[in-house]
Amino acid sequence: MLKKIHFLILIIGLGVLPKANAQINNLINEEIFLHYNTASILTGETLYYKLYCYNKNNNNLSSLSKIAYVELISSDKESVAKQKISIKDGVGSGDFFIPTNISSGSYKVVAYTKAMLNNNKLFEGNLLIINPFKRLNTDKVIVDTTTTNVVITNVPLMNENLLETNKKKYLNREKVTISFDSSLLEDDEFLNGQYSISVRKFDALDTLTEVPTSSNFTQNIINTNNVGLKTFLPELRGEVISGTITNYNSLSDPTLALSSYGTQFDYELTEIDKEGHFNFILSNPSTSNKIALQLLENKPIIMSLDTVLINYNALNIETPYTINTKLSETIKQRSTANQIENVFFEVKQDTIPLEVINTENFYTTLEKTYILDEYTRFKSFKETIIEIIPELFLKKKKETYTLHLRDYENKASDEVFGETLVFVDGILLKDIHQLIEYGATRIDRIELVNKGYIYGDQLYYGVVSIFTKTQDFMPISTEEHPIYYADIIRPLMPKVYFNQKYGSTTKTKIPDYRYQLLWQPTVAPKTNKSLELYTSDIKGEYIISFQGFKSDGTPITINKPFTVE
């Protein structure tokens, strides 16, 4: 019990410590397995993946880190794409659309948490990207014209008897039912585990390199040799935004504010430590990647945000990669099918569940909303608040405007509570003069809380949040009111991926050239004993790849084939 208490004290302390120490690194011993749908992909296709964060201390999925990172690394050891993933109950998911500006060649898919980087660990997997639209760089890919035949090996089988299909051979656009073997359904550890499934056409390109499996994912964990590089704050409560202010000695108030652009925005306060470091922890899901950092006292700041430095030299990327010229027809067929599918993208879109979208701001449920189009419109902001919003009023002192609220119920003065907290399109606004010059007809709505409001250790006379119609208000950083803007990567929103259905009312005139028949990052066998999908118009061999971990941490890997004739 005492050991657990010590562990909790260390974890709680992470919210304020600028660096994680060696003892904490040993306590947070994580590794990642990434299940992705293919290791050979064309530009214009999508790489789908499911991330499993594994706790090596208890040999089960980790409940510690809440954020992970997935990157595509070129043979030049450069990151060409990077995503941030929210982790819940040890898992997360995402996808990369492979754009046509990426060159053909060997790449690595890498994944990590900041806790893994502190322990010099990284997950890596092979990825071959082929761009049919760009001339090959012979330093990256060599075309072999000497081999007369291309040998297509059989679909790699593994524990195939643990999955059952209603048939072995199917026609185009026919329903496929996948069910679990009775031995699995009688296993409580299996029923309560975490899994993902991919159903995809298997062609000659898939024989060039292999996709990692959960059964042996530890082979894909490498040492990054990151010794001497920055130690990161483990992201145990949410995503961490950290940095350094170099002129911190001149500050009388070390409080720093972060706000983000958008209708659902972040607002956080933190204190700059004695070395000029700061950390924000963002725990709410958001798609806003534009942030503004401002001191509560109006002083200029010299600031830099921390970046993740990784030694990618530890990656062994095969260069140049040799590909047989006889594969050109396979590439042509697959590229043509993909281009047709992309034409009909709008009728086959993935969706984001409403429950994962943060629709609330920090003051939600307390606010009163004025939708200005429901009233007579006035050109100026001054006229608008005088005629429409009696709770709001302006004060002017020495050419400086301030915005204030009236509390008709409590009749308290702003001298008691302090200034009003004002946001426009999510960004904290301290220079009210910029708002007055902004045309009021461009404002959509004004939300306000006209009573004393405590946020962090700050006391305000209420909150005013203004949203424009076009979301185009961006406060200008001035000498009197300096603002540090930055673009950051935000965690991806979980998706429900498109699953083609056919029935009596289905529009059958739309072509179906799917190579990827199903990608489902969350499979719950306890509630769904079987899965359904439909074949496409593409004939050939298909592989069902089922990956994941039982609730006791035991890995599960199943590969099973079927044919479309």
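Which residue stands opposite Phe123 in S9? The residue opposite Phe123 is Ala111, and I shall return to that strand shortly.

Good morning. The structure before us is a predicted model, in which local features need pLDDT of at least 70 and side-chain atom pairs count only at pLDDT 80 or more, whereas totals for chains, interfaces and linings use all residues. Residues are numbered from 1 along each chain as its sequence is written, and side-chain values use heavy atoms, with hydrogens and water left out.

Let me begin with the chain as a whole. It contains nine helices and 36 strands; helices (H or I, at least four residues) and strands (E, at least two) are DSSP runs, numbered from the N terminus. Of its 565 residues, 52% are buried. Buried means under 20% relative accessible area, exposed means over 50%, and partly exposed lies in between, with a 1.4 Å probe and protein chains only. The accessible surface of the chain is about 26,900 Å², and carbon and sulfur atoms hold 50% of that surface. These areas come from the Shrake-Rupley method with a 1.4 Å probe; for residues, only the protein chains shown count as cover. Contacts, meaning heavy atoms within 4.5 Å, often span the sequence: among those between residues at least 6 apart, 75% join residues at least 24 apart.

I turn now to strand S9, residues 121–130. Nine of its ten residues are buried, so the strand is largely enclosed by the rest of the structure. Two strands are said to pair if DSSP finds at least two bridges between them. Strands of a sheet pair through backbone hydrogen bonds, either parallel or antiparallel. With S2 (residues 40–42), S9 pairs in the parallel sense over three bridges, and Ser40 faces Leu128 there. With S8 (residues 105–112), the pairing is antiparallel over seven bridges; this is where Ala111 stands opposite Phe123. With S15 (residues 221–223), S9 pairs in the antiparallel sense over three bridges, placing Leu122 opposite Ile222.

Next, the nonpolar cores. Such a core is a set of buried Ala, Val, Leu, Ile, Met, Phe, Trp, Tyr and Cys residues joined through side-chain atoms within 4.5 Å. The largest has 46 residues, of which Leu34, Leu51, Val70 and Tyr112 touch the most other members. Leaving aside neighbours within four places in sequence, the contacts of Leu51 include Ile32, Leu34, Val70, Ile87 and Ala111. Apart from this core lies another, of 26 residues, including Tyr170, Phe180, Leu533 and Tyr542.

Among the sheets, I would draw attention to an open one of five strands, in the order S12-S36-S35-S14-S33, with mixed pairing. Strands S12 (169–170) and S33 (516–523) stand at its edges with a single partner strand each, so one side of each has no neighbour in the sheet. S12 pairs with S36 (residues 555–564) in the parallel sense over two bridges, and Lys169 lies opposite Thr563.

I come to the charged side chains. A salt bridge is a side-chain nitrogen of Lys or Arg within 4 Å of a carboxyl oxygen of Asp or Glu, and the whole structure holds 27 of them. One joins Asp95 to Lys495, with the closest N and O atoms 3.2 Å apart. This pair links distant parts of the chain, 400 residues apart: Asp95 is in strand S7 (residues 91–97), and Lys495 is in the loop between S32 (484–487) and S33. Asp95 is buried, at 12% relative accessible area, while Lys495 is partly exposed at 31%.

A further salt bridge is formed by Asp487 and Lys290, with the closest N and O atoms 3.2 Å apart. Asp487 lies in S32 and Lys290 in S20 (residues 290–295), 197 residues apart. Here Asp487 is exposed, at 56% relative accessibility, and Lys290 is partly exposed at 24%. In addition, Glu45, Arg200, Asp203 and Arg334 are linked in a network of salt bridges.

Finally, is Phe423 buried or exposed? Phe423, which is found in strand S26 (residues 421–424), is buried, with a relative accessibility of 0%. Not counting residues up to four places away in sequence, Phe423 touches, among others, Phe265, Tyr267, Phe362, Leu429 and Val463. Its C-alpha atom is 9.9 Å from that of Ile446, a residue 23 places away in sequence.

Thank you for your attention.
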